[in-house]
Amino acid sequence: IERKYRFRARSKTHGIQAVHQARRSLGTYRICHNTMAGLDAETSASFAVDEGRREIALVFIGDSFVAGVGDEKALGWTGRVMARTEVPGAVVAHYNLGVRGETSGGVAERWQVEGARRFADVSERRLVVQFGHADVQAGTSIARLRLNLANILDEASSQGVAAFVVGPPPAAAPQTNDALRQLVEAQRDVCDRRGVTFVDTFTPLAGHEQWSSDLATSRDGIH
């Protein structure tokens, strides 16, 4: 990866930045891909079709990490997961609806409107949600964040949409990480209460030497 990014970079400095950005995306990718590998087995029983081919609509919605901000390849973790995901015998259409600066409230407001057109006329509907950093920056209370996430998951369940939640990764600032740690635990609890899969990217990456080193060279201490 390092050789590939440096070869395409316009300068040595630009190449090193690209390597760091790729590593940050890959760090989250590895955690998410390992968990998403089991998603089909965990949820497909509720969406099995008796005849015809499986048609799956997979909607990723959330913040800048979903959108792939900071990744020179413009793939982010979602693009890398999909590039390595195979569902034999199924047609999978995936949609990236990430918006930089999106909060839990923003996702709660728009997922049904934007998801409805993607979920139309398919046999299986999947929703992957990620947010957190913008909520910290906006000062969203833990109680409000829990309510927003609970509403998303409850509404998805009532509409036959299988949900999957990814927590935010660490930032460079200790104060931000203190807030993120509480937020992640709140997300985990909301998901556990509903039997929804939650991927914790914060805990395994907090204090990780390579992750911390890469964040130290990033422009905003987040991406």
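Start by selecting residues 104-119, which is helix α6. Helices here are DSSP runs of H or I with at least four residues, strands are runs of E with at least two, and both are numbered from the N terminus. α6 has 16 residues and reaches 21 Å from its first C-alpha to its last, close to the 22 Å expected at 1.5 Å a residue. That expected span is 1.5 Å times one less than the number of residues.

Before you go on, remember that this is a predicted model: local features need pLDDT of at least 70, side-chain atom pairs count only at pLDDT 80 or more, and totals for chains, interfaces and linings use all residues. Residues are numbered from 1 along each chain as its sequence is written, and side-chain values use heavy atoms, with hydrogens and water left out.

Now click on Arg110. A kink of about 45 degrees in α6 is centred there; the bend at a residue is the angle between axes fitted to the seven residues ending there and the seven starting there.

Which residues of α6 are buried? Colour Ser104, Gly106, Val107, Arg110, Trp111, Gly115 and Phe119 to see them. Buried means under 20% relative accessible area, exposed means over 50%, and partly exposed is in between, using a 1.4 Å probe and protein chains only. Show β1 (54-62), β2, β3 (124-130), α7 (133-138) and α8 (142-158) too, as they are among the elements that cover those buried residues.

Step off the end of α6 and pick Asp121, which is in the loop between α6 and β3. Its phi is near 60 degrees, a positive value in a residue other than glycine. Is Asp121 buried or exposed? At 76% relative accessibility, Asp121 counts as exposed.

**On to the sheet**

Select the five strands next. They form an open sheet in the order β2-β1-β3-β4-β5, with parallel pairing. β2 (90-98) and β5 (197-199) stand at the edges with a single partner strand each, so one side of each has no neighbour in the sheet. From one strand to the next, the twist averages 20 degrees; the angles are taken between N-to-C directions, run from 0 to 180 degrees, and use axes that are lines fitted to C-alpha atoms, for helices over the stretch in contact. Strands of a sheet pair through backbone hydrogen bonds, either parallel or antiparallel. For two strands to count as paired, DSSP must find at least two bridges between them.

Zoom in on β1. Eight of its nine residues are buried, so β1 is largely enclosed by the rest of the structure. Nine bridges join β1 to β2, and you can find Ala57 opposite Ala93 in β2. Seven bridges join β1 to β3, where the bridge partner of Phe60 is Val128.

Move across to β3. Six of its seven residues are buried, so β3 is also largely enclosed by the rest of the structure. β3 pairs with β4 over five bridges, in the parallel sense; look for Arg126 opposite Ala162 in β4.

Then follow β4 (residues 162-166) to β5, which are joined by three bridges and run parallel. Here Phe164 stands opposite Thr197 in β5.

**Two helices that cross**

Bring up α8 together with helix α9 (residues 174-194). Their axes come within 10 Å and cross at roughly 35 degrees. α8 passes α9 in a right-handed crossing, meaning the near helix is turned clockwise from the far one by less than a right angle (anticlockwise would be left-handed). On the α8 side, the contact includes Ile142, Leu145 and Leu149. On the α9 side, look for residues including Leu183, Ala186 and Val190. Contact means heavy atoms within 4.5 Å.

While you are in α8, select Asn148. Asn148 is buried, with a relative accessible area of 9%. What does Asn148 touch, leaving aside its neighbours within four places in sequence? Asn148 is in contact with Ser104, Gly105 and Ala108.

**Zoom out**

Finally, show everything. The protein has eleven helices and five strands, and buried residues make up 48% of its 223 residues. Among contacts with a separation of 6 or more, 80% come from residues 24 or more positions apart.
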